[in-house]
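Biologist: I would like to learn how to read a model like this one. Could you take me through the features, giving the general idea before each case?

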Amino acid sequence: MRRLLPLLTLLCLAFGPLPALSQSLEALIRQLPEGSFSDRAEVVAAIAATLDERAVGVLEALGEGDLHQRKADGAILKVTGRGSKARAFDPLTGEELGPVPARSTTAIKVNNALRRAVRSGIATLTLMHRDPTRRLAAANAAFQSADPDQLEALGAALAAEQDASVAEAIAQAQAAALLASDADPALRVEAIETVRARGGRDALAVLTPLRASEVPLIAEAAAAAVAEIERSQAMWARAQNVWFGLSLGSVLLLAAVGLGITFGVMGVINMAHGELIMLGAYTTFVTQELIRGHAPGLFDWSLAIAAPLAFLVAGGIGVAMERGIVRHLYGRPLETLLATWGVSLILQQTVRSVFGPTNREVGNPSWMSGAFQLGEMTVTLNRLTIILFALVVFAGLLVLLRRTPFGLRMRAVTQNRPMAAEMGIRTGWIDAMTFGLGAGVAGLAGVALSQIDNVSPNLGQSYIIDSFLVVVFGGAGNLWGTFAAAFSLGIVNKFLEPVAGAVLAKILVLVFIILFIQKRPRGLFPQRGRAVEA
Amino acid sequence: MVRKGLIDRRTGLFLVVLFAVIVLIPLGNLLLAPGTAGHVPGYLLPLLGKYLCFALLAVSLDLVWGYAGILSLGHGAFFALGGYAMGMHLMREIGDRGVYANPVLPDFMVFLSYEKLPWYWHGFDMFWFACLMVLFVPGLLAFVFGWFAFRSRVTGVYLSIITQALTYALMLAFYRNEMGLGGNNGLTDFRDVLGFSLSDDSTRIALFVLSGLALAFGIILGRFITGSKFGMVLVGVRDAESRTRFLGYRVEHYKLFVFTVSAMLAGLAGALYVPQVGIINPGEFSPANSIEIVIWVALGGRCTLVGAALGALIVAAAKSWLTANFPEAWLFVLGAAFVLVTIFLPRGVIGLLDGLKPGGRHRHALPQAAPEPAE
């Protein structure tokens, strides 16, 4: 304000009997149709100087050509629509004043110079708004428009600004506007530096045309700044790819880690693994439905409630499968594959018969929806949660296998069954529990995947091949191998996608794994020792 | 009761019945008036012909799984490739009778604004070339894939999983419009083959009889391969691969040969399948299809060839009947078949039949219990 006031005073003095600052907004608006275009530009400036928020609507209407003067009493109206559909509104309050008879009003004419004044006025009004978020939005908009006419408004706003982050945005907008003007080259070179510091696509849009500037100093500085921004953009693009890759990797890890136990540790090919994931997702769906019906307040806890339930449902089915089917087929892996495929078909059709073939809606709890900005990349909270969840599940499994009596017995049984039996371990019970554990983890995966994928009876089918490939690629029997395989395949896939397209990227990854298996038939981290070959 | 020679009693019986069927069914269509008992309506012919193609596909899988212990979960890919080769010929034969009446480009290419025919479509206007490709393309893929896989000793479950990945990758690839093979919709709207309209009963009969003959050929070829010394070595590979290798056999060559032959048979089945059902699309590559072939073989009885064909016929007929009458029940039945057969009928329906009479076991029969690791 400090800079603007003397300026306005000066203008008032220079142009004689013009609206004094003390005049009310209503009075100023009434003067809008009067005088030459340049006189009216002064009125617009004075309206902006009132800093009255209601004035934004008036100026916008003026810019659009919607502001009319009623012939009968000279009142200023905002008119929308044409002909018989025309309706009048109070420009200040937005209150509807009814239909407008034809030819009862004249539109207030605007030319380009006046439009510039209007834009500048709106910028002043919004940049001085009470609400800091509105001020920030106005500053960003001013940056994008990079309009030299707004320089004064920006300067005034910067001087009055208290909030540091908004002040920075205004300073950047001022620099952008300065670059579009023909100010002193030294000032403009300085402005290039300010814009470069902002980075991002907007800054590139401002700087790129300047590379062709007639002033060599500016052209040079702009070229350097553009190169710098492009470098950082490429870096952020890579970071974003890594993030997407981690996200895909965590999904693969969740889907595959249960198989890492049933297939990797026990050597049982469980083709129903995908369907156990699907059951986990449907458990989440049922839990949420019950919560919606009976205790809507608990909805944010629905996933926390669903997770143990899904573990129990899928784990229970796993134990039943082991006792009923898999037990009879040990030592015949290919037959196990067929029998469990049969189970998968039955589970699929059961779910289809009970819940119908269509997708079911599973909601995101409020704490999982939304996103935040990290530099140039967007991090969605549900993906972040799933990555963390995958890591927690993986860590939990590692601790269970390495640090508990159950894990010790499990490893004993898988390494040397007769010896373990002679030590008094109930091998049959351990088998059932191990299989149940792998199945239960699949159920947990289902809870997570219900948040990002369609919950339908076909959910499992889309993960089964990927999960097997992850386990085989990592090396059966090695959970860390599964971990490394999941994340490396996820990241490789996401880096290929922009180059080759999503489907081709997936095909390339499949071909790569097929070739890799030829080279290292036992995966990235093969188990060593005699027991492996048997 | 073990009989040496090319055709044993069981195979002989099957072939006699098969020949009777491929004679009687066309007669039932041609001679008996519609409405009388025993008349075979024209629409049934392609359906029965389709079953025979499935039977041939099952025989081809039994050749590698039953005798060499290679459980391929990607045999549907060879079948589909043979089908696509034939489909490309049928597409070219439509000529300018398509919707867009383009004399060279099939409809979908006009629709996707192709300028000219992609290079790999050249030659498919000639029937003999298409027939050659029906065998060559699946054979080449099997040879290359097997060359790498068997040489680096990828066996058992690992092999099954990468064959599954292979067919999955092909499915994704064929879904792409850029492949120039019709994308999602695949190839369809066929009119005629060698000038005979595909909707004529006489053409349908010819295709049906050809499918039957192809099945007979597949079984006899399989008997010939497995009955030879070569077949003995294959069984040796299946039961004790390392021991066979240590005896001085180049295990990978044996596997590669039988895998390639099997893929070519599967391609042949696909080529006969396409003109009868009138469409080939990427869905044929889906891993679930390939696994279904395995249950045909398992249900009929592995390592018998005839059993595989029988299993395919039983399952395919049951599928047609159940999906028409009880659509919800089909997957339950199929799923239960997988579970029950593997646990209670490890030697399939043929094993059940053999079990009824003493001494009916076959000399290549699977070991009763799981084989002890020989190494």
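Modeller: Gladly, beginning with the elements: helices (H or I, at least four residues) and strands (E, at least two) are DSSP runs, numbered from the N terminus. The model is predicted, so local features need pLDDT of at least 70 and side-chain atom pairs count only at pLDDT 80 or more, while totals for chains, interfaces and linings use all residues. Residues are numbered from 1 along each chain as its sequence is written, and chains are lettered from A and ligands numbered from 1 in the order in which they are written.

Biologist: What does A:Gly356 do just after α14(A)?

Modeller: A:Gly356 takes a positive phi of about 85 degrees there. The helix before it, α14(A), covers residues 333–355.

Biologist: How far apart are the end C-alpha atoms of α14(A)?

Modeller: The expected span of a helix is 1.5 Å times one less than its number of residues. For the 23 residues of α14(A) that gives 33 Å, and the end C-alpha atoms are 32 Å apart, which agrees. Helix α18(A), residues 427–449, also has 23 residues, and reaches 33 Å from end to end, close to the 33 Å expected.

Biologist: How many of the residues of α18(A) are buried?

Modeller: Burial is a neighbour count: a residue is buried if 20 or more other C-beta atoms, placed from the backbone, lie within 10 Å of its own, exposed if 12 or fewer, and partly exposed in between. In α18(A), 19 of the 23 residues are buried, making the helix mostly covered.

Biologist: How many helices and strands does chain A have, and what is its radius of gyration?

Modeller: Chain A has 21 helices and seven strands. The radius of gyration is taken over C-alpha atoms, and the globule rule is 2.2 Å times the number of residues to the power 0.38. A compact globule of 534 residues would come out near 24 Å, but chain A has 34 Å. Its C-alpha trace spans about 110 × 60 × 40 Å along the principal axes, and 43% of its residues are buried.

Biologist: And how many helices and strands are there in chain B?

Modeller: Chain B has 14 helices and four strands. Its radius of gyration is 21 Å, close to the 21 Å from the globule rule for 375 residues, so chain B is as compact as a globular protein of that length. The C-alpha trace spans about 65 × 55 × 40 Å, and buried residues make up 47% of the chain.

Biologist: How many residues of chain A are in contact with chain B?

Modeller: Two residues are in contact if their C-beta atoms lie within 7 Å. By that rule, 36 residues of chain A meet 39 residues of chain B. On the chain A side, the elements giving two or more residues are α14, α19 (461–474) and α21 (502–519). Helix α14(A) supplies the largest share, 14 residues. The chain A side divides into 25 nonpolar, seven polar and four charged residues. Here Ala, Val, Leu, Ile, Met, Phe, Trp, Tyr, Cys and Pro count as nonpolar, Asp, Glu, Lys and Arg as charged, and the others, Gly among them, as polar.

Biologist: At what angle do the axes of α9(A) and α11(A) cross?

Modeller: Axes are lines fitted to C-alpha atoms, for helices over the stretch in contact, and angles run from 0 to 180 degrees between N-to-C directions. Helix α9(A), residues 185–198, and helix α11(A), residues 216–265, have axes that come within 10 Å and cross at roughly 5 degrees. That makes α9(A) roughly parallel to α11(A), a label for angles under 35 degrees. Among the residues that meet are A:Val189 and A:Ile192 from α9(A), and A:Ala221 and A:Ala225 from α11(A). The contact divides into nine nonpolar, no polar and three charged residues.

Biologist: Is A:Gly249 of α11(A) buried or exposed?

Modeller: A:Gly249 is buried, because 26 other C-beta atoms lie within 10 Å. Leaving out residues up to four places away in sequence, A:Gly249 touches A:Ala486, A:Phe487, A:Leu489, A:Gly490 and A:Ile491. In helix α12(A), residues 273–294, A:Tyr282 is buried too, with 24 such atoms. With the same four-place exclusion, A:Tyr282 is in contact with A:Val351, A:Phe355 and A:Val455.

Biologist: Which phi value does B:Ala101 have?

Modeller: B:Ala101 has a positive phi of about 55 degrees although it is not a glycine. B:Ala101 sits in the loop between α3 (75–94) and α4 (107–111) of chain B, and counts as exposed because it has 10 C-beta neighbours inside 10 Å. B:Ser113 also has a positive phi, near 50 degrees, in the loop between α4 and α5 (127–151) of chain B. With 7 C-beta neighbours inside 10 Å, B:Ser113 counts as exposed.

Technical notes:
Angles under 35 degrees count as roughly parallel, over 145 as roughly antiparallel, 65 to 115 as roughly perpendicular and the rest as oblique.
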